[in-house]
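Let's walk through this one together, strand by strand, and then step back to see how the chains and domains are laid out. Keep the viewer open as you read.

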There are 2 protein chains.
Amino acid sequence: MLGLTILGNNSAIPAFDRNPTAQVLQSMDESFLIDCGEGTQMQLSKYKIRRSKINHIFISHLHGDHYFGLIGLLTSMSLLNRTQDLHLHAPPELEQLISLQLDFASTHLSYALHFHPLVEEGSIVDNNKITVSCFKVQHRIACWGFLFREKKKPRKLNAERAKIYEIPAAFYENLQQGEDYITKKGTIVPNEEVTTEAPKGKSYAYCADTIFDESLAEKIMGVDMLYHETTYLKDLHERAAARFHSTTVQAGAIAKKAGVKKLLIGHFSSKYETLDEFLTETKEVFENTELAIQGCCYLI
Amino acid sequence: MLGLTILGNNSAIPAFDRNPTAQVLQSMDESFLIDCGEGTQMQLSKYKIRRSKINHIFISHLHGDHYFGLIGLLTSMSLLNRTQDLHLHAPPELEQLISLQLDFASTHLSYALHFHPLVEEGSIVDNNKITVSCFKVQHRIACWGFLFREKKKPRKLNAERAKIYEIPAAFYENLQQGEDYITKKGTIVPNEEVTTEAPKGKSYAYCADTIFDESLAEKIMGVDMLYHETTYLKDLHERAAARFHSTTVQAGAIAKKAGVKKLLIGHFSSKYETLDEFLTETKEVFENTELAIQGCCYLI
């Protein structure tokens, strides 16, 4: 299971107590910070999200509302004496900025910051629990989406049944990997007799800031939850296109085409004080839609 | 009269809903933003301070808690289609950072940003209402304090008395500048007969982040209000010195030596949840002290 907490859901200018973009995807083991608009470190404190569980930060692109909070977070982590490594996946240019900001302050971070420039589509994190890959989205400047996939878990062992078949405990791990057991007498105990399928790993796609682009659907086909921006309501589709953003019904269309289970919409323009209409319009196209609301955690 | 509104009063790491340093000094005509920690643009919205009246921004030094909110404010002003010029007075290195951040976002500001590097002590703003000068303070990296002085206002005319002396209206401006009037018959009407002294221009000194440095007193002698940091309570004077910061009683000593009218203290370490003790300790040395509290406006 994964949980996604929204730290900021607004576009460009903070307004109506809506912060610029930042999200935290949490598993039982670790947390992934996705974009880091100004004020993200305050939002992490407000919503009691432990920084020590964040080992990877992903920055989609270098518009300020997606990264101006990063340097503050990085330096605060150091002031709090973090020692564990931190991995930053971001457009290449960001490395120079961070380096200058640290130099000007005569600051050395208390931990190792590993900078991983985003240069081509593909896997960027791969551990025994999850894979993260990046893919290009179409925006005014170079911009990346991120796809998180939990790995398939080992099959669930039915220990009582394994005992009945007198399978030695040393073989249990093989059972969990799906192997059959062969007794000393040569009898085959089919794996399904002693294990059951583990729940599937979940998937989450974050499409950052993007123009309406139907080809995106292939890259995120069938994910459990899709975050797609809806900067504008549907009547402003021309403005959306001119600014490389999307509308409600366009986000709904992508979700439908990609056959995702659930759609989360955000990155609302500061011209809108209320958000109800975003939900109504998107649901006309894709029913299982929710608004990304700050402080709310969406389970996947 | 001047009014100083506190937007952030904490040091280094935001904590207990206390933001990093930022203040706005307001006169009837314009506003001056002093330092700009992360979240300053949200604080300006929260406390209903009009950005359009800010024509000058002053950055004391390049520790992040004093400037990480600047780039967000500058770009938001542009997104809000500001057209009037903006003057930024800051350490020279900041120009490169801003320029890179705008380049990476392919952003052109909607207004002219004039960068004035702080290189030597002296006057940096001088208009018909106010002068601002900068002075060096001792911190871990190059750091500047700012001294604001309202100009002396014209004398107040007593129009009824001027009529009794049959002084022509064309001479009223000369009266306000302190001149005597000489009648056609050669009689002198002393200026004091028809005008009264205008209230004195007020002064405010912002000492940024500084180690305890008694020589500072000369630079801010007799100001109406002094802001001096108190990062730590008095028992931590060794830590304060090691980090080029000050304690409560040290700030009080500077205020006393400089003979200021009022002392405002801030830049509280995030190790302290409550602030009462800061006030108690400082008042032991300098009675007319107040805590810098976010959202409060201190009249000068």
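**A tour from one strand outwards**

In β15(B), Y204(B) has M225(B) as its bridge partner. Bear in mind that what you're looking at is a predicted model. That pair belongs to a run of three bridges, through which strand β14 of chain B (residues 203-206) and β15(B) pair in the parallel sense.

Now look at the other pairing of β15(B), with strand β16 of chain B (residues 262-266): here five bridges join the two, again in the parallel sense. At one of these positions, E229(B) sits opposite G266(B) in β16(B).

So what about the surroundings of β15(B): is the strand enclosed or not? Five of the five residues in β15 (residues 225-229) of chain B are buried, so the strand is largely enclosed by the rest of the structure. Burial here means 20 or more other C-beta atoms within 10 Å of a residue's own. Check the two faces and you'll find both covered: M225(B), Y227(B) and E229(B) are buried on one side, L226(B) and H228(B) on the other.

Next, swing over to an open sheet in chain B. Seven strands make it up, in the order β6-β5-β4-β3-β2-β1-β18, and the pairing is mixed. The edges are held by β6 (113-117) and β18 (297-299) of chain B; each has a single partner strand, so one side of each is left without a neighbour in the sheet. On average, neighbouring strands of this sheet are turned by 20° against each other, direction ignored.

Within that order, try zooming in on β4 (residues 54-58) and β5 (residues 86-90) of chain B: they run parallel and are joined by three bridges. One residue to pick out is I57(B), which stands opposite L88(B) in β5(B).

Time to bring in the partner chain. In all, 27 residues of chain B are in contact with 28 residues of chain A. On the chain B side, the elements giving two or more residues are α1 (40-46), α2 (70-79) and α3 (94-104). The largest share comes from α2(B), with five residues. By character, the residues on this side of chain B divide into 14 nonpolar, 10 polar and three charged.

Finally, hop across to chain A. Its domain assignment gives domain 1 as 3-153 + 199-299 and domain 2 as 156-196. Between the C-alpha centres of these two domains of chain A lie 43 Å.

How values were computed. Residues are numbered from 1 along each chain as its sequence is written. Chains are lettered from A and ligands numbered from 1 in the order in which they are written. This is a predicted model: local features need pLDDT of at least 70, side-chain atom pairs count only at pLDDT 80 or more; totals for chains, interfaces and linings use all residues. Two strands pair if DSSP finds at least two bridges between them. Helices (H or I, at least four residues) and strands (E, at least two) are DSSP runs, numbered from the N terminus. Axes are lines fitted to C-alpha atoms, for helices over the stretch in contact, and angles run from 0 to 180 degrees between N-to-C directions. Two residues are in contact if their C-beta atoms, placed from the backbone, lie within 7 Å. Ala, Val, Leu, Ile, Met, Phe, Trp, Tyr, Cys and Pro count as nonpolar, Asp, Glu, Lys and Arg as charged, and the others, Gly among them, as polar. A residue is buried if 20 or more other C-beta atoms lie within 10 Å of its own, exposed if 12 or fewer, and partly exposed in between; C-beta atoms are placed from the backbone. Domain bounds come from an automatic or database domain assignment.
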